[in-house]
Amino acid sequence: MTLATEPPKAHFRLGMLINDTRYRSYTIQIIVLILFLLGVAWLANNTIENLAAKDKDINFGFLWNRTGYDIGQHLIPYSNDSTHFRAALVGLLNTLVVALVGCILSTILGVIIGVLRLSNNWLVARLMTVYIEIFRNVPLLLWIIVVFVVFSETRPSPIDFRVTEAMTTAGEKPAASMMFFDSVAITNRGTNIPAPLLSRPLPTIEVGPISLNLTLIAILAVIAGSVYANRVLLRRAAATQEATGFRPTTWWKSTLILAVPFILLMFALGLHWEYPVLTGKIAKLVNFKGGITIAHSFTALTVALTLYYASVIAETVRAGIQAISRGQPEAAYALGLRPSRTMNLVILPQALRVIIPPLISQYLSLTKDTSLGIAVSYLDLRGTLGGITLNQTGRELECMTLMMLIYLIISLIISAVMNAYNASVKLKER
Amino acid sequence: MSLSYVRTEMLPPAEPPISERGAIRWMRANLFSGPFNSILTLLAAYVLYQLVSLAWPWLANGVWSDANSMSDCRAIVTASAGPDASGACWAMIRERWHQFIFGFYPPDLWWRPILTFGLLFVALAPVLYADNKRAMSRLCGVVGILTVLSLIGADGFSYHTVLAILLFAGLTAIAAIQPRRLLIVTLLFPFFALWMLWGGSIWGPITALLGFVVLVVVYGLVAPKLGAVMGASTGFLAACLWWLFLQTYISTAWQALLPFGLTYVPSDKFGGFLLAFVIGVASISISLPLGILLALGRRSDMLLVKTLSVGFIEFVRGVPLITMLFVASLLLQYFLPPQTKFDLILRVVILVTLFSAAYNAEVVRGGLAALPRGQYEAADALGLDYWQAQRLIIMPQALKISIPGIVSTFIGLFKDTTLVSFVGLADPLRGITTIVRADINWKGIYWEPYIFVGGIFFIVCFGMSRYSMYLENKLKTDHR
């Protein structure tokens, strides 16, 4: 007598599509796929209908038309005869330059503030806490607008800098004066700083379609060379230290290697400065000429981004430092390291591993927040491609798609680079 | 026997040296513990002195009333403090506060946003203080008193005030006796707020609410037979059908039968902090569940679901919010069927919600990843299905870990509501302030409106971050 029965044959029933875990995930995925495709088709259909109703098409040809508008701050040659593509490129560079300057400055300021917040100096720690809380809890837009308004409404107009003969004879001083030995003037129109000029620049040679600026190449080559030489020097010093236990003095050699070739090159190229000078006789036309004029929109955006993100980064730095176990600094003190050396050699290298991942996302946010330049009419990517070009050509779909795509690519590149850096400093675990 | 040269009683303890006690000791320890610290202290004190000496006269000479323009203010400051003195002109806030708070909402209807704002806290109470009866009833009482006072301040003692007193007295009583019942208020609040703020027929929100009833009923019928997922999806489908096809007819029919409604207020009357709160609260409350679903999708085993979630999250996180808002104002008209009329505030709320849902998803994903694998395996071993495991085991722990991140997303979202000014809505920061500063009477004013607006933002955001710290402390179950 045998009780062994055949295992029940798996007859496929429709209900198994939902109740059997083997098939359920496929069922759900197919339903999701169908819904997704239906949604996309619905959107696409609507778009086609709407475009047809408005007598429009999707065409990126407008990018090669003449723009007809000026951009105050352009890092590559641009005029109102250039194409919309060129305008978008100028805007992209303007976005990147604010993002880069903002990231660098806010990191420096943020690390200082974050470390000082943990200082055992009561007054300084309290001040830094107040700074962080005030800047973190108020919208970034407010800081941008306030900085812009302060620069453009409280600074004197260029005419206040003028010294007339009547004033010299009376011994009066003008209402406003330039800073840093008459080299920098902040007026209500912009910030005027000296411009570096070269009296003996190297020629620009044309290699096929690309024009090579030899001056720039020479400068970059000299800097790269001296940085490399400095690294060789430091590595050799480290090797000596490993072998003998004594580290040879390197600071003056480093300074020489880094500074001398650059200074020599600058002498060879004939570096001199063009200072901003007050010109114009009629009161309305008085303005600073010469040098570089930085628009307040750029200054306001950079300063506000720096101040705001410094407070955010400071919090990250503080959290990173506090994540280090107490035993680490205590062990360092027991070894006889001074507090500053403890911070540099023991705490910060370990804290860096905790700090970097959130720092990446803050750099990303900063880059995206440069689009707030719209509040001060800064012509970045959104101002050119997504602003004036969009309004002039009326091609919302194309401009917005292109702009979002570019922002997306920038974000992906930043996160890829920073993730690679993170992987390189991460604790190698076995 | 006694030795005359040996003391028989103890000496009283000597006072510590002057440098080791009191204020001097504290200062030596905390301010001047070394040359570097001393320099820092002096520097900080100097900066502080500069700031105070700049700001104090300006604040002290502030004009609070009796001025209708900037020149009035200047005249008053000159008269009281001399010709060169500067003074703040808070009279501007006194004259224009209503624009900063309500935008262009009709003054005789201000009681509606005030009441809604008060009820918001009652609706939040069960969420904020789970079962804490004392805290809840105290919150309801205090908010009730403040609301009634604001109502009296806004338009005198009228029937709204009586209504509010009765309402809040009842709610406080419920909070004190059966705090769990307040959850009903929480669930009904969105519909009530919608109706209160925009007005119109009462049957619109009620029939919209009935859609959810349809969802629950269909789920109850289907779920026991075909499982939770099918139940939820058929329920959702039925509710969508209700909202799309039936709701309009039914609400119109009821409105014809039993006309009852409030004055309709169009969206372009909304502005100031009313607008910021409408967008902020709506987006915050929808983006959290959406973010949780996205996070689960991203960790799902199903390739397609995972790909779609990752694609959505990474796309949204890769573009600035401004471009999303421009999508709401410029592109949505292309994606929707022709002749669709769509309220701008609603469009903005949808896009802001999607934006912060992606950020919430990443925060929740962090919380999920931080859970040890054993928790998932234990849930499986207990025989719980996916949703039971998520609801009972995984989410309570994962959300607890992600509280700080979620709250900071919320804070970021609330601050980002100011960006709606770029698509033509009158937010308090740029929209209203620009209007005020463009007024010929208040030309040249800049610190005062920004300090006022920034101050309110600071209070709200700082409050939220403090609450998250309180919650973290309360939920902390490990012993370190």
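**Strand pairing, domains and the chain interface**

In the predicted model, A:T191 of chain A has A:I294 as its bridge partner in strand β9(A). This pair belongs to the contact between β2(A) and β9(A), where β9(A) spans residues 292-295 and the two strands lie antiparallel, held by four bridges. Strand β2(A), residues 190-193, is also paired with β1(A), residues 185-186. That second pairing is likewise antiparallel and comprises two bridges. Within it, A:A185 is matched with A:N192 of β2(A). The connection from β1(A) to β2(A) is a hairpin of three residues. Strand β2(A) is thus described by two pairings, one with β1(A) and one with β9(A).

At the level of domains, chain A is divided in two. Domain 1 is assembled from residues 84-138 and 295-425, whereas domain 2 covers residues 205-271. Taken over C-alpha atoms, the centres of domain 1 and domain 2 of chain A are separated by 29 Å.

Turning to chain B, the secondary structure consists of 18 helices and two strands. Chain B has a radius of gyration of 29 Å, whereas the globule rule gives 23 Å for 480 residues; the value is well over that expectation, so chain B is more spread out than a compact globule. Along the principal axes, the C-alpha atoms of chain B occupy a box of roughly 100 × 75 × 50 Å. Buried residues make up 33% of the 480 residues of chain B. Among contacts in chain B with a separation of 6 or more, 71% are formed by residues 24 or more positions apart.

The two chains also meet each other. The interface involves 48 residues of chain B, which are in contact with 49 residues of chain A. On the side of chain B that touches chain A, at least two residues are supplied by each of the helices α2 (35-60), α10 (228-257), α12 (303-318), α13 (321-335), α17 (428-438) and α18 (447-475). Of these, α13(B) provides the largest share, with nine residues. By residue class, the side of chain B that touches chain A contains 35 nonpolar, 10 polar and three charged residues.

Terms used:
Residues are numbered from 1 along each chain as its sequence is written. Chains are lettered from A and ligands numbered from 1 in the order in which they are written. This is a predicted model: local features need pLDDT of at least 70, side-chain atom pairs count only at pLDDT 80 or more; totals for chains, interfaces and linings use all residues. Two residues are in contact if their C-beta atoms, placed from the backbone, lie within 7 Å. Ala, Val, Leu, Ile, Met, Phe, Trp, Tyr, Cys and Pro count as nonpolar, Asp, Glu, Lys and Arg as charged, and the others, Gly among them, as polar. Domain bounds come from an automatic or database domain assignment. The radius of gyration is taken over C-alpha atoms; the globule rule is 2.2 Å times the number of residues to the power 0.38. A residue is buried if 20 or more other C-beta atoms lie within 10 Å of its own, exposed if 12 or fewer, and partly exposed in between; C-beta atoms are placed from the backbone. Two strands pair if DSSP finds at least two bridges between them.
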